Amino acid sequence: LSSMRSSPYYKVFEDDASQWEDKLNRIRELFDLWCEIQRRWVYLEGIFLGSADIKHQLPMEFSRFKTIDNDFVSLMRAVAKKPLVLDVIAMKDLASTLARLDDLL
């Protein structure tokens, strides 16, 4: 998009280009956060759900992770129902849910 700005024809499409730039930036920000959350979730899932001993040794932490796990899996199911990325970023409370999961993990 930055190279398009130097074009003499950019003014005609400036509003559309600006909207797309905003959408693409939002997608990048959300997916960066999403990937970080997923990376940590996968790591912790292996620890907490991969061993029955952990449940007994760390019951409070297991319970806390189970709540996070339920929220994350619910979000992934909701996302799976929306095949278009623009529909995903328009989901109600997506950013706040990701931010909350980030804080909890």
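This passage walks through the nonpolar core, the aromatic pairs and two charged residues of a predicted model.

A good place to begin is the interior. The largest nonpolar core has 20 residues, and those with the most contacts inside it are Leu75, Leu94 and Leu98. Two or more residues of this core are given by each of H2, H4, helix H5 (85-89) and helix H6 (94-104). H2 supplies the largest share, with seven residues. Leucine 94 offers a helpful view of how the core is joined: with neighbours within four places in sequence left aside, leucine 94 is in contact with Leu30, Leu75, Val88 and Ile89.

The aromatic rings come next. A pair of aromatic rings is described by the distance of the centres and the angle of the planes. Searching the whole structure gives three aromatic pairs. In one of them, phenylalanine 31 and tryptophan 34 have ring centres 5.2 Å apart; their planes stand at 65 degrees, over the 60 that marks an edge-to-face pair, so the pair is edge-to-face. These two residues belong to helix H2, and because they are three residues apart there, about one helical turn separates phenylalanine 31 from tryptophan 34. Their surroundings can be read from their accessibility. Phenylalanine 31 has 30% relative accessibility and so counts as partly exposed, whereas tryptophan 34, at 9%, counts as buried.

Another pair is formed by tryptophan 41 and phenylalanine 72, whose ring centres are 4.6 Å apart; with planes at 35 degrees, which is neither under 30 nor over 60, the pair counts as tilted. Tryptophan 41 lies in helix H2 and phenylalanine 72 in helix H4 (residues 59-80), so this pair ties together parts that are 31 residues apart in sequence. Tryptophan 41 and phenylalanine 72 are both buried.

Two charged residues complete the picture. For lysine 23, the charged end sits over the ring of tryptophan 20, at 4.7 Å from the ring centre. Arginine 40 is found in helix H2, which spans residues 10-48. The relative accessibility of arginine 40 is 18%, and because this is under the 20% cut-off, arginine 40 counts as buried. Apart from residues up to four places away in sequence, arginine 40 touches Asp102 and Leu105.

Helix H2 is thus a useful thread to follow through the model: H2 gives the largest share of the core, holds phenylalanine 31 and tryptophan 34, and also contains arginine 40.

Technical notes
Residues are numbered from 1 along each chain as its sequence is written. This is a predicted model: local features need pLDDT of at least 70, side-chain atom pairs count only at pLDDT 80 or more; totals for chains, interfaces and linings use all residues. Side-chain values use heavy atoms; hydrogens and water are left out. Helices (H or I, at least four residues) and strands (E, at least two) are DSSP runs, numbered from the N terminus. Buried means under 20% relative accessible area, exposed over 50%, partly exposed in between (1.4 Å probe, protein chains only). Contact means heavy atoms within 4.5 Å. Rings of Phe, Tyr and Trp (its six-membered ring) pair if their centres lie within 6.5 Å; planes under 30 degrees apart count as stacked, over 60 as edge-to-face and the rest as tilted. A charge sits over a ring if NZ of Lys or CZ of Arg is within 6 Å of the ring centre and within 35 degrees of the ring normal. A nonpolar core is a set of buried Ala, Val, Leu, Ile, Met, Phe, Trp, Tyr and Cys residues joined through side-chain atoms within 4.5 Å.
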